[in-house]
Amino acid sequence: MSAATQETAIRTGRIARTFIYVVLLVFALFYLLPFFVMLVNSVKPLSEITEGNMMALPKELTFAPWASAWSTAQIGVEPTGLRPYFLNSLFMVVPAVLICTALGALNGYVLTKWRFRGDTLLFGLMLFSCFIPFQIVLIPMARMLGIMGLAGSTAGLVLVHVVYGIGFSTLYFRNYYSAFPTELVRAAMIDGAGFFQIFWRIMVPVSGPITVVCVIWLFTNIWNDFLFGASFASGSKAPMTVALNNLVQSSTGVKEYNVHFAGAILAALPTLLVYIVAGRYFVRGLMAGSVKG
Amino acid sequence: MAHQSAEVDFRTRLQNWIPKLVLSPSLAAVLVFVYGFILFTLYLSFTNSKMLPSYDWVGFENYRKLWGLSHWWTAITNLAIFATLYIVICTAIGLTLAILLDQKIRGEGMLRPIYLYPMALSFIVTGTAWKWFLDPGIGLENTMHLWGWESFEFGWIKDRNMAIYTIVIAAVWQTSGFVMAMFLAGLRGIDNEILKAAQIDGASNWNLYRRIVIPLLRPAFLSAFVILSHLAIKSYDLVIALTGGGPGRATELPATFMYSYTFSRNLMGVGASSAVIMLMTIAAIMTPYLYAELREKP
């Protein structure tokens with residue numbers, strides 16, 4: 001989408017242009033509004049929300065809801081705040097992303113530079129696995145994790161996310177490497193370089209951009225996952241999304257909306273930061289994820 | 001000499017095997033954890049599994065039971081409403097925003113990331129934000145009353161007949177920016193010479209878009225449809241966070257149905273059969289798409 005400077009042939013009048021800007025700004029407000037509501041109400045005392053106006057700026061600025069959401073709020077039965085669950089998510093997402101990206105790079109390399117009969121079919125099988133409704137694997141996966149002794153553990157979640165992330169990471173690297181000149185690989189082979197030598201010396205050095213795309217995509221997806229977390233790691237090993245949901249849905253006591261909003265922002269922060277820092281790569285990942293390479 | 005050639009032979013053969021060896025762990029994982037598991041769930045859907053898997057074959061009994069459940073019909077009807085509105089509204093908003101943004105807009109670099117950022121959030125975060133924003137007691141309705149619009153009413157999220165539409169609103173908010181990006185990429189890929197030629201021929205802007213640009217965007221429409229429909233069928237987190245399937249069962253979808261029948265109601269056979277139907281629906285959409293995508297490439 002770097003072609004933003006490309007001339008558009010359409011000519012529009014002044015009134016039409018004003019109208020266009022108005023529509024675009026109204027939509028910008030629509031997208032910003034829920035986040036504005038979360039942010040503003042996360043720094044208000046509870047009474048200002050229940051008795052006041054949700055859209056109003058805080059009269060009294062307080063960061064107590066943030067502190068509460070992070071370290072003292074009641075999650076399930078324990079008043080631990082979201083901190084331990086934030087760490088659970090971190091310990092789940094980092095190994096899963098690393099393993100998945102490494103496997104994707106190797107798979108993409110094999111599927112483009114060491115092609116064999118039936119490789120497209122195998123790739124198709126891997127690709128289809130990205131789109132299955134995960135309900136179809138929940139029951140056997142729960143049993144499998146039980147058999148492997150990984151039920152309710154972070155390691156189990158890492159395994160699950162690696163398995164269902166391979167399809168996408170392979171897709172990214174396969175599409176990227178297929179544009180890389182195979183002649184260079186051939187020349188290296190004639191010079192006697194082996195499979196791994198070619199991978200390390202030739203493929204890895206050019207893989208920077210696609211690695212960023214892949215890491216961001218996996219990080220966002222795995223961090224935001226709820227279904228697997230809720231199914232396989234409830235209780236103290238739950239990831240951030242599950243803990244946030246427990247916090248918001250808890251039916252005991254007063255509903256502390258300001259704490260819920262602070263918690264929601266905390267859960268959104270890592271992926272949002274990645275988006276702000278590397279949004280371009282995030283969009284590229286999304287587009288490639290809709291299969292068009 | 002003979003020894004040396006044998007070694008060379010061994011090395012080339014090893015070189016031939018390494019790629020396949022490297023691919024095999026991923027492939028094995030996918031075969032077991034995806035296709036093996038699909039077969040296992042398929043098998044369970046033909047057994048009388050309750051709380052735990054059982055291996056007593058009951059034929060199509062679970063499917064008969066499933067299609068006789070009003071709860072399942074609610075889920076299916078809701079999915080039909082949700083998916084239709086979600087796909088249509090996302091496509092309409094996405095296309096409109098893309099076309100408007102493509103008019104050499106100042107500040108495009110600011111607007112695009114604003115439209116797209118919800119896509120980076122978890123559905124649980126989106127659900128939490130909209131749950132309280134749409135809550136009549138503290139959210140939008142209350143704000144309008146305080147601003148002097150006393151008769152304003154917006155209690156959809158508490159209304160059995162309207163709650164499903166709040167899921168549509170939140171889901172559209174989350175993904176329409178992504179659809180915009182897909183259409184914008186499509187628009188930027190169109191050759192401007194075609195547009196200029198049509199303008200010289202005296203085509204109005206409206207006709208230009210209707211007759212030329214939108215037909216050229218067909219691949220983007222197809223991608224958007226496939227991605228949105230598969231997201232709609234898989235929707236689970238958003239419902240859990242926004243309404244929890246309620247009020248009553250008013251916002252149950254197949255994904256939440258499967259979960260509650262399998263893990264809370266201990267009717268695993270019925271849960272498995274609903275998962276099989278979800279998979280078949282997605283496969284019917286995805287398989288032709290993926291097949292076409294993979295075949296195009298040399």
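Q: Which residue forms a salt bridge with Arg188(B)?
A: In this predicted model, a salt bridge is a side-chain nitrogen of Lys or Arg within 4 Å of a carboxyl oxygen of Asp or Glu. For Arg188(B), the closest N and O atoms of the bridge are 3.2 Å apart. The partner is Glu108(B).

Q: At which pLDDT do side-chain atom pairs count in this predicted model?
A: Residues are numbered from 1 along each chain as its sequence is written, chains are lettered from A and ligands numbered from 1 in the order in which they are written, and side-chain values use heavy atoms, leaving out hydrogens and water. Totals for chains, interfaces and linings use all residues, local features need pLDDT of at least 70, and side-chain atom pairs count only at pLDDT 80 or more.

Q: How many residues apart are Arg188(B) and Glu108(B)?
A: Helices (H or I, at least four residues) and strands (E, at least two) are DSSP runs, numbered from the N terminus. Arg188(B) belongs to helix H7 (residues 163-188) of chain B, and Glu108(B) to helix H4 (residues 108-116) of chain B. Their pair therefore links distant parts of the chain, with a separation of 80 residues.

Q: Are Arg188(B) and Glu108(B) buried or exposed?
A: Under 20% relative accessible area a residue is buried, over 50% it is exposed, and in between it is partly exposed (1.4 Å probe, protein chains only). Both Arg188(B) and Glu108(B) come out as buried.

Q: Which residues are linked with Arg188(B) in a network of salt bridges?
A: The structure holds six salt bridges over all chains. Besides Arg188(B), the network holds Asp102(B), Glu108(B) and Arg112(B).

Q: How far apart are the N and O of the salt bridge between Arg64(B) and Glu61(B)?
A: Both residues sit in helix H2 (residues 61-67) of chain B, three residues apart, about one turn of the helix. Residues three or four places apart in an α-helix point the same way, because there are 3.6 residues a turn. Arg64(B) is exposed, with a relative accessible area of 56%, while Glu61(B) is partly exposed at 32%. From N to O, the bridge spans 3.1 Å.

Q: Which residue forms a salt bridge with Asp119(A)?
A: Asp119(A) is buried, at 5% relative accessibility. Its partner is partly exposed, at 46%. The closest N and O atoms are 2.8 Å apart, and the partner is Arg115(A).

Q: Why is the pair of Tyr164(A) and Phe228(A) stacked?
A: The structure holds 49 aromatic pairs over all chains. Rings of Phe, Tyr and Trp (its six-membered ring) pair if their centres lie within 6.5 Å, with planes under 30 degrees apart counted as stacked, over 60 as edge-to-face and the rest as tilted. The centres of Tyr164(A) and Phe228(A) are 5.5 Å apart, and the pair is stacked because their planes meet at 20 degrees.

Q: How many residues apart in sequence are the parts that Tyr164(A) and Phe228(A) tie together?
A: Tyr164(A) is buried at 6% relative accessibility, and Phe228(A) is buried with a relative accessible area of 3%. Tyr164(A) lies in helix H7 (residues 154-178) of chain A and Phe228(A) in helix H11 (residues 227-232) of chain A, so the separation is 64 residues.

Q: What is the angle between the planes of Phe228(A) and Phe232(A)?
A: These two residues are four apart in helix H11 of chain A, about one helical turn. Both are buried. Their rings form a stacked pair, 5.9 Å centre to centre, and the angle is 15 degrees.

Q: Over the face of which residue does Arg174(A) lie?
A: A charge sits over a ring if NZ of Lys or CZ of Arg is within 6 Å of the ring centre and within 35 degrees of the ring normal. Arg174(A) is at 4.1 Å from the centre of the ring of Phe123(A).

Q: How many disulfides does a search of the whole structure find?
A: A disulfide is a pair of cysteine sulfur atoms within 2.5 Å. Over all chains, the number found is zero.

Q: How far from Cys130(A) is the nearest cysteine sulfur?
A: Cys130(A) is buried at 5% relative accessibility. Cys130(A) is in no disulfide, and the nearest cysteine sulfur, that of Cys100(A), lies at a distance of 9.3 Å.

Q: How many helices does chain A have?
A: Of the 293 residues of chain A, 55% count as buried. Chain A has zero strands, and its number of helices is 13.
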